[in-house]
Structure formats: structure tokens, C-alpha cells
Amino acid sequence: MAKQFPIKKEVPNLIPKSIVYLIPAATAEEAEAFQSKISGFGESLKNQTLIKFLVTEADVAQAKELLENKTYHYACWVHSGNLDILPTVHQSFMQQRNLKAGLIHCADAHHQTEGKKAPKKSFWTRIVHATQKLLTPMRTGHTESGYFVTDADTALEILEKPSIWKCRIDYDFPYRLKLHGYHISYFSLNTGKDDSPKASILKVKWSALSNRWYWFITEPMNVFRGKTMSEHTPWDGRHPVYRFLFAVFFMLAMVLMPVLSFDYSVTWDEYEDIGYFSEVLSYFKTFGEDKRCLDIEGELDHSESGVNKNLIPHLVNYGPFVNLLQAAVNEYISPFGLYETRHIIITLFALWGMLFTGLIARKLGNWKTALLALLFIWLTPTIFGHSMNNQKDIPFLAFYISSVFYVIRLLDELPKPSFKTLFMLAVTMGITMSIRVGGLLVFAYLGLFVGLHFLLRVWKKEIKFSFSEIRSYAWPLIVVYFFAYVIGIMFWPAALADPLKHPLTALKNFESFSLVHIYEIFEGKRYYMKDFPAHYIPKSMLITIPLFVLAGLVLLVLGSPKILKKYDWQKIGILVFVFAFPIAYVIYKKSAVYSSWRHLLFAYPAIVVLAAVGWDWLSDAFKQKFLKIGVYVVLLGLIGNVTFWMVKNHPYQYVYYNEIVGGVNGAYGNYETDYWCQSPRGAIEWLMKNKPEIMKKKTTVVSNNESHSMSYYAQKQTDSIEIGWARDHEWNKNMWEYAIWTTRTLSKTQMKNGFFPPKGTIHVIKVDDIPLAAIVKRENFDLAYGELMTKNRNMDSAVTLFRNYTKYDPLEEEAFRGWGLALLQAGRTDESFAPLYKSIELCPENYFSWNFLGFAYRQKTNNDSALICFNKTIEYKTNMSLAYDGRGDIYFGKGDFNAAQKDYESAINYGGGSYLVYYKMGESFLNLGNYEEALKYYGAALQAKPDFAEVNYRVGQVLEKTGRKDAAQQYYQKARELGLQ
């Protein structure tokens with residue numbers, strides 16, 4: 001909306017002497033009807049006023065003449081449908097004393113005047129008024145009387161603007177006035193309840209829609225066509241062309257993005273979330289009777305939803321707003337497929353976030369600033385790509401930045417914020433929390449910024465540090481916090497069960513998230529998600545944010561002395577804080593982050609706005625037109641380059657890397673590319689199209705990537721394809737006919753030495769010149785048969801098969817590793833070293849081969865080398881239980897029982913809790929003198945293997961040492977029965 005300018009002049013105690021009454025009538029017949037009604041209003045009204053009818057241009061000219069000559073001091077716009085209350089309006093207005101020139105005074109049938117009780121409003125009227133305040137710029141929604149009075153000078157200004165006075169008088173007229181910067185005040189209209197004008201919610205909604213169209217489209221188009229003149233030049237960011245372009249690009253995005261979302265694939269998280277949040281929907285449908293979504297202990301049957309009950313303790317910590325909405329829309333409304341529906345909804349969230357990014361920029365600058373911010377965020381490939389299917393990070397971004405917008409708006413309006421601001425702030429904050437509990441950040445922001453705003457005003461001596469002032473600031477916060485928190489938990493079953501404790505528990509759990517074990521390449525090295533260096537997030541952002549945004553930030557810093565004077569420094573400070581604080585906090589807490597900076601996408605809109613301010617300042621800094629043009633040419637060149645790349649590489653925009661690392665080609669092998677598993681869909685669809693025979697017979701297709709997406713898109717066309725998943729480093733272990741391999745989990749060496757795309761590749765999905773996915777037709781089954789022979793303990797045949805496969809594909813580390821393992825298990829330890837080291841040469845991060853080497857060195861009693869190998873295994877695979885077990889044995893042999901106990905415990909925690917490990921854990925505690933812990937783990941070993949003679953004997957020893965001799969004899973006896981002498 002247009003920025004409101006200050007009232008031009010104040011003339012206290014203006015006493016109305018005469019009024020020109022104006023009615024925007026479309027026809028002469030309406031004017032005649034109006035004249036007829038006036039005749040019955042009494043002589044006093046007719047004697048004190050002159051009624052003029054605004055029907056033709058001649059009427060306008062006559063009204064102007066009367067006002068210019070000061071024959072009449074006021075003009076009153078009249079609603080022809082409310083003529084019966086004209087005498088009351090006139091009388092009420094004549095009683096006014098402290099009137100100010102430049103204001104528009106609205107007759108308000110619901111306005112409370114001092115010393116009088118306001119007329120009661122019906123519930124429906126309150127709803128309409130609240131709707132008007134939410135959908136329009138009105139702080140008070142009582143405009144349905146259709147009577148607006150102003151001084152002669154202001155009336156003359158309005159009469160020069162037909163786009164204002166020719167519109168609908170009750171709702172559109174005040175809206176247009178606000179758009180053009182006029183202030184509206186209200187005076188009481190003392191009518192009875194039955195005489196009050198009736199409010200219309202339909203008119204309010206239509207006014208909100210039509211006037212926005214007028215402001216963004218019609219009025220700028222009139223300027224372009226020369227029908228109206230703008231007081232601003234096209235070089236001025238306040239020129240209507242910028243808000244027109246803002247609207248056009250946003251509407252273009254509204255059409256393109258939902259349509260393009262059909263081209264994007266399923267992501268890692270969607271499958272599990274669909275099952276769980278169908279249970280959440282069922283919880284609400286059954287009014288809480290279906291409690292499967294709260295089944296943390298895993299006691300209920302989840303077969304219908306298909307959700308993995310082991311994930312529920314984690315999933316209960318997610319606010320369900322987005323997934324619940326998607327589940328409901330899919331079940332009751334959408335004509336599209338399951339994932340197509342979800343992706344459309346995600347794009348709508350993305351559009352919401354983009355809109356508010358632009359609106360925040362508008363608050364800092366003007367519509368040119370807003371246009372730049374909108375283009376910047378829309379044409380950021382990472383954001384665009386995630387906007388189609390990222391069900392958590394994009395909705396969180398959208399409501400995080402819209403919450404920040406309303407926080408800023410609240411600060412502008414303090415100490416008397418509007419109903420609209422309080423309402424929208426509570427809603428946006430609540431939904432942010434209901435998407436991800438990290439939305440509590442905005443709760444903290446609100447308190448922090450309001451507190452600083454209060455202290456700043458005290459420091460400037462604008463207010464006093466008093467209880468009454470503190471209360472005026474605190475009361476809006478209390479209201480917003482209460483309703484925001486209620487909204488945040490009202491769709492969250494676990495939070496409803498424990499409203500105060502569960503959100504905080506969820507927040508704590510996310511800070512120490514460790515459900516999955518993700519490894520990714522960063523700067524050419526494979527890292528575990530908790531071991532990334534501190535600069536992981538800043539560096540990931542630096543190399544994936546387009547240059548036009550980075551350049552804008554540089555301009556912001558370089559021009560900061562002047563920028564902080566030209567733009568609101570407080571708002572700039574807020575934006576710097578809301579993007580920098582979360583990043584700094586994640587680094588400080590060493591939180592588990594992965595997949596580039598997708599978990600911090602919500603910080604990006606603030607960056608975009610600041611970059612837009614930088615470019616806006618530069619474009620205005622030059623006075624010469626050719627320099628201004630030069631700035632725009634450079635900016636458009638940078639934007640155009642990225643836009644072309646996005647179009648060319650659709651639908652893989654999120655894979656983008658900027659020129660700092662040489663684009664995607666330079667990033668290949670050094671950084672992750674398809675971390676959000678988008679290429680398998682394109683690969684399976686290519687395979688079905690180009691190998692039609694697989695549509696007619698049972699065919700196994702495996703992949704190292706997200707298998708549910710391939711199943712979903714394959715099953716749309718056929719049920720003959722069986723999709724399988726292959727874990728990293730085990731691509732060829734099982735039997736398959738076709739495979740879709742991606743660079744996910746590959747080492748830099750494998751990507752750079754020619755291994756990928758692998759042998760047998762028939763098609764490659766690429767971005768620029770680098771491969772994302774390879775479609776492979778199997779030509780050689782020796783490796784799979786070798787695995788089968790190993791499993792059947794036929795080691796000689798296995799060795800031959802693995803060796804033969806290395807001749808077929810000398811770059812396949814899996815074959816050398818299998819060869820080495822077969823030799824190791826055949827007792828040919830000395831021969832196993834060469835193929836195992838060759839496997840590591842081909843893939844240095846091959847934790848399987850490092851682990852096998854560790855056991856090979858153990859067999860050769862070379863514990864120092866074995867320790868190095870086990871350490872390498874754990875470095876490359878933190879949850880490799882066998883490596884902890886092996887390393888624990890080494891420490892135990894060296895007498896370092898503390899270290900051994902810790903490694904055995906890690907082996908157990910990572911799923912390696914065999915009876916032998918429990919036994920060794922007990923042995924460690926026994927040697928440490930901790931008999932009770934030793935008994936605990938001996939007991940676990942016996943529970944897993946009751947006929948374990950050695951453990952029975954050890955239990956007897958511990959019991960005897962602790963004075964329980966009778967019980968010890970029972971275990972000694974059991975050990976003897978099992979053959980231990």
C-alpha cells in the first residue's frame with residue numbers, strides 16, 4: 001500500500017458553516033431520486049447546505065468553483081443508498097469542534113464518542129468489521145455509512161482524482177483514499193440500532209480484491225497510457241511501474257510454480273511423513289480416539305498407515321500443520337495424485353514466503369526494492385528447486401519471514417498496534433511453531449525487539465520508564481503470545497497432550513538430532529553430519545547463492561554509512577539479526593546439519609531483502625542516467641545468466657553452484673549435487689520410455705537413492721517393475737537387471753577417476769556437464785555370484801568370480817573388496833591385503849575395506865596397524881558397530897579397560913549388541929572392579945545365549961566376590977554342566 005504522508009496542516013476548532021454534498025451518481029435518474037428524497041428532510045437542512053449532484057463533468061466543475069471560492073467550507077461524499085441518515089450525519093458533523101484539515105472524516109454509526117456509550121453491534125457486524133480490518137488498510141472497519149467529510153482544500157485534491165471519487169462510496173472510497181496516502185478519522189453517528197447501515201462481508205471482500213487490482217494493475221496502466229500522471233519519474237522507486245511489475249511477476253510465479261511442481265520428484269522424508277500424518281489426521285477425525293500418532297512405545301498396530309513405529313518418537317516432535325493440511329486436502333479435495341497434491345501445496349507456501357520477502361523490502365524502501373527482493377528470491381535456484389517439494393523447510397521459511405514482517409509492523413505501530421497486526425502476528429507465529437518447533441525463535445524475537453524499542457524510546461526521552469508505559473507495551477505481547485501458542489499446538493496431538501512440556505522437549509531433541517547418520521562430501525572430503533567444520537553452512541551458502549545476491553550484500557556493506565541514513569537502520573538491524581543469529585546458533589551448538597544449507601533456508605529471505613537494499617541504493621546513488629542504466633544492465637545480466645541456467649537445467653535447479661567454485665562442473669566431486677534425490681524419477685521414466693520391454697515382464701531395478709519415488713512413478717504406468725534399494729558400497733551384491741545409480745555416497749576419487757558413470761551405463765541424467773544419475777544395464781553377474789558363493793562359504797569359487805569381475809571393470813572397488821574378504825575368510829590372510837588396499841585406492845572412504853583390513857591385521861597380531869584401520873573405519877562410518885568391537889578388543893588386550901568398555905558400549909548402541917559383545921562388556925567392568933555393571937552385562941549375554949558356559953562361570957565369580965556364595969554355586973554348576981572344567 002502507499003506510504004501515508006503527514007497531514008498537511010492543522011486548523012483547530014474549524015466550525016462547519018456550509019457543506020457541499022456530493023454523490024457519485026452514475027445516471028441523472030439517480031440524481032433526481034436523490035433530490036426527491038432531500039425534499040422531505042426539513043427546511044433546516046436545506047437552509048444550511050447546498051446540495052450538488054456529482055453526475056457530469058459540469059457538476060464537478062461547479063463543485064470545484066464553490067470550494068475554491070470558499071463559498072462552502074466542506075465537501076461531503078454521500079452514499080445514495082443511505083440517504084435516510086443524512087440529517088443525522090449533518091447534525092453529528094456540525095457538533096464537531098476539533099477538526100483537522102487534511103483528514104477525511106467518516107461518519108461512524110458504531111464509533112464511541114467521549115462520555116457516550118457506543119451502540120451495540122451485532123455479532124455479524126463485528127465479523128464484517130474484523131474482516132475489513134484484516135483485508136484492507138483500515139484500522140477501523142466502520143465505513144459502511146458511506147458519508148465522508150473533508151475540508152475544501154482536501155476535497156479539491158480528491159476531485160482531481162476521478163479514480164478515487166468515482167468508485168464505490170462505502171468500502172472502495174476509503175480504501176482508495178488510504179492507498180493514495182490520506183488519513184481517515186471517525187466521528188460518532190448517533191443512530192439507533194435499527195437505523196444503522198448494514199455491513200456487508202461480500203462487499204468488503206470484493207473491495208479488498210478490486211482495490212488491490214486497481215492499485216497494482218489499473219492505476220499503473222492508466223499512467224502508462226497517459227490517462228493519469230504520476231508525481232514520480234520512472235527512475236524513482238515510487239513510480240507505479242514498480243508495483244505493477246511486482247504484481248505481474250508474482251502472478252506469473254503463482255501460475256508457473258504450481259504447474260512446474262508436477263515435474264519434481266519425491267524427497268527422502270515424504271514417504272514416512274505421509275504414513276505418520278495420516279494417523280494424525282485420523283486422530284482428529286476420531287476426536288482423539290485413534291492414538292496411533294502418540295504411540296511412542298510402539299505398542300499399537302501401524303500396518304494400515306505403513307509408518308515405521310521406530311520413527312514415531314521422532315515424528316511426534318514435528319508440528320503437523322503442513323503435513324496435516326496435505327493429508328486433508330489429498331483425502332477430501334484434490335483431484336491429483338498423492339505427491340502431486342503435496343507439491344502444489346508446498347509451492348503455495350513458497351509463494352507466501354516470496355510475497356512477504358517483497359513486502360518487507362517495501363517497508364525498508366519502495367516498490368522497486370520490493371521488486372528486486374521478489375526477483376532475487378524467486379530466481380535463486382536453491383529456493384526455487386526446494387519450493388516444489390521440500391515439505392518442512394519451505395513452509396517454515398514462508399511463515400518465519402511473514403512473522404518477521406508482522407513483528408516489524410508491530411514495532412512501527414507501537415504503542416497502539418492495529419487489530420490486523422496483532423491478529424496476523426499471532427497467526428503467523430503460531431503456524432511457524434506448528435510447522436517446526438524452532439518457530440519459538442520468533443517468540444523470542446518479538447520480546448527482544450519490543451523490549452529494545454521500548455528502551456530506545458525511553459533513551460530518546462519520548463516516553464518515561466513507568467509502569468503504565470511498560471503495561472502499554474506488555475499487553476499486546478501477552479495477547480499475541482497466548483493466541484500464537486494456542487495456534488501452535490492446536491493441530492499437534494503430542495503438544496495437546498502436554499502443552500507446556502512437549503514443545504520444549506521437542507526443541508531440545510532437535511538441537512541434538514541423531515536419528516539418521518548422513519555422510520556427505522564437502523570440500524572434497526567425506527564428512528559425517530556432526531563432524532562438518534564450523535564454516536560448513538556459511539561456505540555452502542557462499543557457493544550456492546547467486547552472484548547478484550552476493551553482490552547486493554557487498555554493496556550494502558560498502559554503502560552502509562549512507563544506507564543507514566537513507567533507510568531505516570532499525571529494520572536493517574532486525575534483518576541482519578534474524579538471518580545471522582540462527583546460523584551462528586547452529587554453529588555454536590554444533591547442530592547436526594546436512595544437505596547443504598536447506599535446514600537454514602528460512603534465514604535466506606532476510607539476506608535477499610538486504611541485497612535488494614544494496615542494489616536499490618546503488619541505482620539511486622548515481623545522478624547520471626547512463627550510470628543508472630549501467631547498474632541495471634549489470635544486474636539484469638547477472639539475473640539473466642542464472643535464469644537461463646534454471647530453464648536449461650529444469651527440474652534440477654537446486655543443484656546450482658555459483659561461479660565462485662566454477663559452477664556445477666567445478667563443484668562435482670568436491671560438494672554434494674543431487675542430495676535431495678531428484679534425478680531417480682527422471683531416470684526411471686527414461687528407462688520405461690526407452691526400454692518398453694520392462695513394462696511387459698517382471699524386471700528388477702535397484703538404486704542407491706530414494707526408492708519410493710521410483711516405485712511411485714513406475715506404478716503409474718506398470719506393475720511389472722520391482723524397485724529395490726542398494727546400500728552404499730554394495731551396488732552389485734544382489735541380482736538385478738537394471739540399476740539407477742547416483743553420486744550419492746560416492747567418494748571424490750570415484751567421481752573423478754572415471755568410475756562414474758559406471759560400466760554398463762546406457763543413459764545419464766546430467767546438469768551442465770556433470771552426471772547426477774546413471775541408468776545401467778547389467779552385463780556381468782560375476783560379482784553377484786561371488787557374493788552368493790561367499791555367503792555359502794565356497795571361498796575358492798568366490799575368489800575366482802571376484803577376480804574375474806575386476807578384469808571386466810577394474811574401477812569397481814566392490815569387486816576388490818569382495819575378493820579380499822573371501823581370501824580373509826578362507827584363511828589366506830596374507831593374500832587379502834593387496835585386493836583390500838586396491839579397494840581403498842579406488843575409494844579412500846571405503847569403511848568396509850578399512851574394517852576388513854583391521855581384522856586382517858588382528859589376525860596377524862599387528863594391533864597397531866589394526867587400530868589405525870579401525871580408526872579409519874569409524875572416521876568414515878560413525879555407526880559401524882564392528883569397528884568399535886574390534887577396536888575394543890585391541891584396547892582390552894592392552895589393558896585399557898575404560899577405552900574398551902566405551903567402544904563395546906558404542907558397538908551395542910549402534911546395533912552390534914551380540915552376546916559376545918555383552919560378555920566382553922562384562923569382562924571390562926569386571927576388570928575395572930565394577931561388579932554390578934559386570935553382572936548387568938553378563939546377564940544380557942546369558943539372556944541372548946543361555947548356554948554360554950564362560951558367562952555362567954563369570955557370574956559365579958562375581959557373585960562369590962560380592963558375598964553371594966550360594967547363588968554363585970548355582971552358576972558354577974551350570975557352567976560345569978555346559979562342559980566348562
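Where is Ser 595 found? Ser 595 sits in the loop between α26 and α27. The model is predicted. Within it, Ser 595 has a positive phi of about 55 degrees, although Ser 595 is not a glycine. Its relative accessibility is 2%. Buried means under 20%, so Ser 595 counts as buried.

The loop that follows α26 (569-589) and precedes α27 (604-621) also holds His 599. Residues up to four places away in sequence aside, His 599 touches Asp 393, Arg 436, Val 593 and Tyr 594. One polar approach involves the backbone of Tyr 594: its oxygen lies 3.3 Å from a polar atom of the His 599 side chain. Ser 709 is 110 residues from His 599 in sequence. In space, the two C-alpha atoms are 22 Å apart.

The overall architecture can be stated briefly. The protein contains 44 helices and 13 strands. Its C-alpha trace spans about 125 × 70 × 60 Å along the principal axes. Of its 981 residues, 56% count as buried. Contacts were also sorted by sequence separation. Among those between residues at least 6 apart, 71% join residues at least 24 apart.

Nonpolar packing was examined next. In soluble globular proteins, nonpolar side chains tend to be buried together. The largest nonpolar core here has 197 residues. Phe 376 and Ile 684 touch the most other members of that core. Helix α17 (residues 393-413) gives the most to this core, with 14 residues. Apart from this core lies another, of 47 residues. Phe 848, Tyr 876, Tyr 884 and Tyr 918 are among the members of that other core.

The surroundings of Phe 376 were listed without its neighbours within four places in sequence. Its aromatic contacts include Phe 548, Tyr 604 and Trp 615. Aliphatic partners include Val 549, Val 608, Leu 635 and Ile 639. Phe 376 is also in contact with Ala 611 and Ala 612.

One helix pair was analysed in detail. Helix α37 (residues 847-859) packs with helix α39 (residues 881-893) at an angle of about 25 degrees. Their axes are 10 Å apart. Angles under 35 degrees count as roughly parallel, and α37 and α39 are therefore roughly parallel to each other. Their crossing is left-handed. On the α37 side, the contact is made by Asn 851, Phe 855 and Arg 858. On the α39 side, Leu 882, Ala 883, Gly 886, Asp 889 and Ile 890 take part.

Thr 861 lies in the loop between α37 and α38 (863-876). Thr 861 is not a glycine, yet has a positive phi of about 55 degrees. Its relative accessibility is 63%. Exposed means over 50%, so Thr 861 counts as exposed. Ser 595, by contrast, counts as buried.

Cis peptide bonds complete the backbone survey. The bond from Leu 414 to Pro 415 is cis, with omega near 10 degrees. Pro 415 lies in the loop between α17 and α18 (419-435). The bond from His 650 to Pro 651 is cis as well, with omega near 5 degrees. Pro 651 is found in the loop between α28 (625-648) and α29 (663-667).

Notes
Residues numbered from 1 in each chain as written. Predicted model: local features only at pLDDT ≥ 70, side-chain atom pairs only at ≥ 80, totals over all residues. Heavy atoms only, no water. Helix = DSSP H or I, 4+ residues; strand = E, 2+ residues; numbered from the N terminus. Contact = heavy atoms within 4.5 Å. Polar contact = N/O pair within 3.5 Å; in protein donor to acceptor, adjacent residues only side chain to side chain. Core = buried A, V, L, I, M, F, W, Y, C linked by side-chain atoms within 4.5 Å. Buried < 20%, exposed > 50% of the residue type's maximum accessible area, 1.4 Å probe, protein only. Axes fitted to C-alpha atoms, helices over the stretch in contact; angles between N-to-C directions. Parallel < 35°, antiparallel > 145°, perpendicular 65-115°, else oblique. Left-handed = near helix turned anticlockwise from the far one by under 90°.
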